[in-house]
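Here are my notes on this chain, written for someone at the bench. Please read them with the structure open beside you.

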Amino acid sequence: MSRNAKINAVLLLAVAALAVLPLVLGLGDHKEEPFAGADAEAEAAITEIEPDYEPWFSPLYEPPSGEIESALFAVQAALGAGVLAYYFGLRRGRRQGEERAAAALRNDPGGD
């Protein structure tokens, strides 16, 4: 197994552990919504500290349900991942093209 394959396997195991361990250990069982987002946690903490607090502004769009909000977040994450994958793929393709061009020049310096 190559070094890169070992690193990828360790990273994959780490990501899987981060996803599974909170469920297995029962973290958040004492909450009504155990895995709510950080926004909900912050809102709860603020209203606990200052019950009369009023936000400075309201959201531009309020989804009708939590499922739709989660779906929109997933679409946003997928689009971001797609943009990053395209960028890194483009960089790798350009680098491989440059390496092939350099190798062709080394093999045929006259350009014939």
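The points below run from model confidence to overall form, surface, and single residues.

1. **Confidence.** This is a predicted model. Its mean pLDDT is 87. Of the residues in the chain, 93% reach 70 or more. Confidence peaks in helix α3, residues 66-107, at a mean of 93. Helix α2, residues 38-49, has the lowest value, a mean of 84.

2. **Secondary structure.** What does the chain contain in helices and strands? There are 3 helices and 0 strands. Reading from the N terminus, the order is α-α-α.

3. **Overall form.** Do not picture a compact globule here. For 112 residues, such a globule would have a radius of gyration near 13 Å. The chain has 24 Å instead. The C-alpha trace spans about 80 × 40 × 25 Å along its principal axes.

4. **Burial and surface.** How much of the chain counts as buried? The figure is 2% of the 112 residues. A residue counts as buried when its relative accessible area is under 20%. The accessible surface of the chain is about 10,400 Å². Carbon and sulfur atoms account for 63% of that surface.

5. **Charge.** The chain carries 9 positive and 17 negative charges. How far apart are the mean positions of the two sets? They are separated by 27 Å.

6. **The aromatic pair.** Searching the whole structure turns up 1 aromatic pair. The partners are Tyr87 and Phe88. Their ring centres are 5.3 Å apart, and the planes meet at 65 degrees. Pairs with planes over 60 degrees apart count as edge-to-face, so the label for this one is edge-to-face. Tyr87 has a relative accessible area of 42%. Why is Tyr87 called partly exposed rather than buried? Because its 42% lies between the 20% limit for buried and the 50% limit for exposed.

7. **Gln96.** This residue sits in helix α3, the helix with the highest mean confidence. Gln96 has a relative accessible area of 29%, so it too is partly exposed. Where is Asn4 relative to Gln96? The two are 92 residues apart along the chain, and their C-alpha atoms are separated by 18 Å.

Conventions
Residues are numbered from 1 along each chain as its sequence is written. This is a predicted model: local features need pLDDT of at least 70, side-chain atom pairs count only at pLDDT 80 or more; totals for chains, interfaces and linings use all residues. Side-chain values use heavy atoms; hydrogens and water are left out. Rings of Phe, Tyr and Trp (its six-membered ring) pair if their centres lie within 6.5 Å; planes under 30 degrees apart count as stacked, over 60 as edge-to-face and the rest as tilted. Buried means under 20% relative accessible area, exposed over 50%, partly exposed in between (1.4 Å probe, protein chains only). Helices (H or I, at least four residues) and strands (E, at least two) are DSSP runs, numbered from the N terminus. The radius of gyration is taken over C-alpha atoms; the globule rule is 2.2 Å times the number of residues to the power 0.38. Accessible areas come from the Shrake-Rupley method with a 1.4 Å probe; for residues, only the protein chains shown count as cover. Lys and Arg count as positive and Asp and Glu as negative; His and the chain ends are not counted. The place of a charge is taken as NZ of Lys, CZ of Arg, CG of Asp or CD of Glu. pLDDT is the predictor's confidence in each residue, from 0 to 100.
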